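Here are a few short exercises to work through with the structure open beside you. Try each task before reading its solution.

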Amino acid sequence: MLKSMAEMTLREAIGGRCSVRGYSAENLERHTIEALLAAAVRAPTAMHAEPWLFVVVQDLVKLKRLSDCVKAALAKDRQLHPAHHHPDIFLQPDFNVFYDAGTLVIICANSKSSFAQADGWLAAENLMLFAHSIQLGTCVIGSAVEVLNMPEMKVEFNIPSASMVIAPIIVGKPRGETGTSARKAPQVLAWFS
Ligand SMILES: Cc1cc2nc3c(=O)[nH]c(=O)nc-3n(C[C@H](O)[C@H](O)[C@H](O)COP(=O)(O)O)c2cc1C
């Protein structure tokens, strides 16, 4: 059982966050998403560049269309490169790569530099931890990155062509049980003291 936002410590949020792949139909309100974005932009940013840009998609028709495009791209890739591994679930007609979440936040950057990508991922983690702390689920949908970076998709989602899509993240109220997955212990290569 998740504690409320006021009760959850950062250690608990870090320890309890997990990727959520089942969502209730209840939609998120604008102020909730604004709070997530405010947390995202508190991330560290190389040379204080703040390169992040955000697209919020709550249009279910758009989300379904995008999911279908991602699945089609993965199916094509599977045909062209049988060695590439894509889980079979992607081929199922009813499978939605966004797990029927009602909100997708696409984190982009106004540059294609490696620091901009780092900043985008740091913002992503801030967003996901804060979401968890207010009892919302999230999941990075990496499978959508390539398709979202296609020129025609950038036009469709109002992303400038010189920018890049870094992290599409679904957000919503979790449906059913969620649970953390195990991690290996940190592997320390050396400890000079
Ligand atoms: C870069 C990146 C891409 C990911 N892409 C997907 C994805 O396309 N679909 C999905 O269901 N999960 C995706 N995930 C979630 C991972 O599967 C998940 O983080 C990992 O299994 C660890 O589980 P946890 O997040 O519950 O701790 C992605 C995670 C990262 C960091």
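**Exercise 1.** Find which residue of strand 2 stands opposite Phe54.

*Solution.* Keep in mind that this is a predicted model.
- Step 1: Start from strand 1, which covers residues 52-57, and locate Phe54.
- Step 2: Move across to strand 2, residues 103-109. The residue opposite Phe54 is Ile107.
- Step 3: Check the direction of the two strands. Strand 1 and strand 2 run antiparallel and are joined by six bridges.

**Exercise 2.** Work out the strand order of the sheet, and explain why one side of strand 1 and of strand 3 is left without a neighbour.

*Solution.*
- Step 1: Trace the sheet from one edge to the other. Four strands form an open sheet in the order 1-2-4-3, with antiparallel pairing.
- Step 2: Look at the edges. Strand 1 and strand 3 each have a single partner strand there, so one side of each lacks a neighbour in the sheet.
- Step 3: Add the twist. With direction ignored, neighbouring strands of this sheet are turned by 25° against each other on average.
- Step 4: Recall the chemistry behind the pairing. Strands of a sheet pair through backbone hydrogen bonds, either parallel or antiparallel.

**Exercise 3.** Decide whether His48, Asn158 and Gln135 are buried, partly exposed or exposed.

*Solution.*
- Step 1: Set the cut-offs: buried is under 20% relative accessible area, exposed is over 50%, and partly exposed lies in between.
- Step 2: Take His48, in the loop between helix 2 (30-40) and strand 1. Its relative accessibility is 60%, so His48 counts as exposed. His48 also has a positive phi, near 50°, without being a glycine.
- Step 3: Turn to Asn158, in the loop between helix 6 (151-156) and strand 4 (164-172). At 68% relative accessibility, Asn158 is exposed. Asn158 is another non-glycine residue with a positive phi, about 65°.
- Step 4: Finish with Gln135, in the loop between helix 4 (114-133) and strand 3 (137-140). Because its relative accessibility is 35%, Gln135 is partly exposed.

**Exercise 4.** Describe the surroundings of the ligand and its contacts with side chains.

*Solution.*
- Step 1: Collect the shell. The ligand is surrounded by 13 residues, and the closest are Ser19, Arg21, Tyr99, Gly142 and Arg183.
- Step 2: Sort the shell by class: six residues are nonpolar, four polar and three charged.
- Step 3: List distances from ligand oxygen atoms to polar side-chain atoms: 2.5 Å for Tyr99, 2.7 Å for Arg183 and 3.0 Å for Arg17.
- Step 4: Consider coverage. On its own the ligand has 630 Å² of accessible area, and the protein covers 62% of that.

Terms used
Residues are numbered from 1 along each chain as its sequence is written. This is a predicted model: local features need pLDDT of at least 70, side-chain atom pairs count only at pLDDT 80 or more; totals for chains, interfaces and linings use all residues. Side-chain values use heavy atoms; hydrogens and water are left out. A residue is near a molecule or strand if one of its heavy atoms lies within 4 Å of it. Accessible areas come from the Shrake-Rupley method with a 1.4 Å probe; for residues, only the protein chains shown count as cover. Ala, Val, Leu, Ile, Met, Phe, Trp, Tyr, Cys and Pro count as nonpolar, Asp, Glu, Lys and Arg as charged, and the others, Gly among them, as polar. Buried means under 20% relative accessible area, exposed over 50%, partly exposed in between (1.4 Å probe, protein chains only). Two strands pair if DSSP finds at least two bridges between them. Axes are lines fitted to C-alpha atoms, for helices over the stretch in contact, and angles run from 0 to 180 degrees between N-to-C directions.
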